[in-house]
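User: I should like a close look at a single part of this model, set within the chain to which it belongs. Please give one connected account.

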Amino acid sequence: MRLLLNTGRTVDQGVSMERGKTSSEYFEKVAVAFIHPDDMKELGIDEGDAVRIETDFGSTVLKCVKGGTEKGTIFVPMGPWANVLTGPNTEGSGMPSLKGLTAEISGTKEKVTTLDDILRMLGG
Amino acid sequence: MGEVYKNVVCPFCGCLCDDLEVVVENGKVVSTKNACPISKTKFLDHSKDRAKPQVRKDGKLIEVSMEEAINKAAQILKESEFPLIYGLSSTESDAQRLAVELAEFIGGSIDSTASTCHGPTIVAAQGCGAVKCTLGEVKNRADLVIFWGCNPAEAHIRHSVRYSVTPQGMYVRGKKERFIVHVDVRETRTSRMADMFVKVEPGKDYELLSALRAVIKGYEVGDVAGVPAEMIKQLAERMKGCRFGIIFFGMGLTMSSGKHMNIDAALRLVRDLNDHTKFTITPMRGHFNVAGAGEVLTWITGYPFAVNFSRGYPNYNPGEFSAVDLLFRGECDAALILASDPVAHFPIGASQHLAKIPTVVIDPKVSLTSLIAEVVIPCAIAGIESEGTAYRMDGVPLRLRKVVDSPYPTDREILEGILRRMKGC
């Protein structure tokens, strides 16, 4: 299913970031995708299920959170999981493409991508 | 009862709320008053998850002395041919000044987090100017407040109660005398405090801003960007008819398709509105001193971000010397990251280069960038463990307080140490 991806801050993202970016709270609050209930129904998924999201720039598995966005769009809090999906090309502006990206989304039985998985993607 | 510090400035977001009360016992913050949930966590957890001085040896980060970490940082920068200094926004302005001095000394590039938040705002304002005001004027005078492409209820949590929605101003008393509009691609907590929500199609802000300019100039428009013509007309009339209006805008404009051209349209809309009434515009700055990074860079180099010194004098070019571009193209051969965490917030295509080159991180906490760094230098937390100056989102400088001692030196002491070693004095 093709949806429009936006990223940004949430209170939970901000609070858990201050707790520590390697904390389990940060993982719980940031490795998530907010999806509209109608789109969840069409995808055949429930809240808490894993979803694979893929853009032109990368692919990651996140936990579904119900609502918080419009039908036809998904919202992922800013952070390392969103970074896998966003584009580094700034079109000469300095500003990368962090909102309004086209994403392919599907339900999956895979585990949610961990911070260690992302650090491995970085080569770190 | 511990020591009580009053009127403490919060070092989290660009609101710089200056009414916090912080209680300290045995060198630790034990409670806060007036802090938002993010600020409260930052103060209460200040001693947790702290970074340690580390140097990577045989692929692993090993704890070393501060002396060794700073020596190694100086060595990396000395051996680099095209270094990048990036971040600056979560520290105070004296440290920012020293970061610029270091960039000039090593002939490197220097960029702040502005390039990935309000860089497009700065670029647009350089083209057509901006009608600005202080947050105090908003509180006292604004009877029309428009939040466009931002979500202060989650990102600038006390903005609404201190400056823009509910405060008792001198001439505007509380929410009942203000009309609040939220323009965004989705309904959020901010929409819930608005009197009018305008849902714009993603990536169509430029079209809607242009339609409003057309209506204000007397032209008829149809439905634009998913917004009915009647709603556009109503909003335009409200803008023209208010006594003092303001647009607060965020990443919904700067990060969406169009980027600086969206801001250009917003700034010109506000300029047009001043033919009818008093109207102003202010970006919702994120990091607590990202505005200060722009001020400091501008007063030293003439340019606000994305500056390069490799010719011996400052060159400015967003898209060329901005951090994401330098990293994505793989151009810089070393990096010093100060008061920011690019691995947590840059597209992975840019961060991958940071993991390949020797990267020095100065940060009070374990950041994601520190996990891939060559050298980690822990520092005091600006605004909690060290004092200094920070600039609020409206450009007003405020003095940060020190409420507890730090086991680590301040950012400026670390930068002075690196500079001393590099200059051999």
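The request and the reply to it follow.

User: Please examine helix H18 of chain B: what span should its 13 residues have, which of its residues are buried, and what covers them? Please then place the helix in the context of the sheet, the chain and the neighbouring chain.

Analyst: The model is a predicted one, and every value below is computed from it.

Helix H18 of chain B runs over residues 411–423. At 1.5 Å a residue, its 13 residues should span 18 Å, and the end C-alpha atoms are indeed 18 Å apart, so the expected and the modelled spans agree. After the helix comes B:Gly424, which has a positive phi near 70°.

The buried residues of H18(B) are B:Asp411, B:Ile414, B:Leu415, B:Gly417, B:Ile418, B:Leu419 and B:Met422. The spacing of such a list can be read against a general rule. An α-helix has 3.6 residues a turn, so residues three or four places apart point the same way. B:Ile414, B:Ile418 and B:Met422 are among the buried residues of the helix, as are B:Asp411 and B:Leu415. The cover over these buried residues includes two helices of chain B, H2 (66–79) and H3 (93–106). It also includes the strands S15 (334–338), S16 (359–362) and S17 (375–377) of chain B.

Those strands lead to the sheet. In chain B, 9 strands form an open sheet in the order S5-S4-S17-S16-S15-S6-S7-S13-S14, with mixed pairing. Its edge strands are S5 (60–63) and S14 (315–316), each of which pairs on one side only. Helix H3(B), part of the cover of H18(B), packs on this sheet and touches S6 (83–87), S7 (109–112) and S15 of chain B. The direction of H3(B) makes about 170° with that of S6(B).

At the S5 edge, strand S4 (residues 54–57) of chain B pairs with S5(B) in the antiparallel sense over 4 bridges. One residue pair illustrates this: B:Gln54 has B:Glu63 in S5(B) as its bridge partner. The loop between S4 and S5 of chain B holds B:Asp58. This residue has a positive phi of about 50° although it is not a glycine. Most residues other than glycine have a negative phi, and most peptide bonds are trans. The relative accessibility of B:Asp58 is 83%, so the residue counts as exposed.

A second residue of this kind is B:Asn7, in strand S1 (residues 3–8) of chain B. Its phi is positive, at about 55°, although it is not a glycine. With 55% relative accessibility, B:Asn7 counts as exposed because the threshold for that class is over 50%. Leaving aside residues up to four places away in sequence, B:Asn7 touches B:Asp18, B:Asp19, B:Leu20 and B:Arg401. The C-alpha atoms of B:Asn7 and B:Phe249 are 27 Å apart, and 242 residues separate the two along the chain.

The chain as a whole provides the setting. Chain B has 18 helices and 19 strands. Its radius of gyration is 22 Å, close to the 22 Å that the globule rule gives for 425 residues, so the chain is as compact as a globular protein of that length. Along the principal axes, its C-alpha atoms fill a box of roughly 65 × 55 × 35 Å. Of the 425 residues of chain B, 61% count as buried. Among contacts in chain B with a separation of 6 or more, 67% are between residues 24 or more positions apart.

Contact with the neighbouring chain can be followed at B:Lys259, in the loop between helix H11 (251–254) and helix H12 (260–273) of chain B. B:Lys259 has 5% relative accessibility and therefore counts as buried. A polar atom of its side chain lies 2.8 Å from the backbone oxygen of A:Met95. Beyond residues up to four places away in sequence, B:Lys259 touches A:Asn89, A:Thr90, A:Glu91, A:Ser93, A:Met95, A:Pro96 and A:Ser97 in chain A, together with B:Pro120, B:Leu253 and B:Thr254 in chain B.

In chain A, 6 strands close into a barrel in the order S1-S5-S2-S4-S3-S6, again with mixed pairing. The twist averages 45° from one strand to the next. Strands S2 (residues 32–35) and S4 (residues 59–66) of chain A pair in the parallel sense over 4 bridges, and A:Ala33 has A:Cys64 in S4(A) as its bridge partner.

Conventions:
Residues are numbered from 1 along each chain as its sequence is written. Chains are lettered from A and ligands numbered from 1 in the order in which they are written. This is a predicted model: local features need pLDDT of at least 70, side-chain atom pairs count only at pLDDT 80 or more; totals for chains, interfaces and linings use all residues. Side-chain values use heavy atoms; hydrogens and water are left out. The expected span of a helix is 1.5 Å times one less than its number of residues. Buried means under 20% relative accessible area, exposed over 50%, partly exposed in between (1.4 Å probe, protein chains only). Contact means heavy atoms within 4.5 Å. A polar contact is a pair of N or O atoms within 3.5 Å; within protein, one must be able to donate a hydrogen and the other to accept it, and residues adjacent in sequence count only if both atoms are side-chain atoms. Two strands pair if DSSP finds at least two bridges between them. Axes are lines fitted to C-alpha atoms, for helices over the stretch in contact, and angles run from 0 to 180 degrees between N-to-C directions. The radius of gyration is taken over C-alpha atoms; the globule rule is 2.2 Å times the number of residues to the power 0.38.
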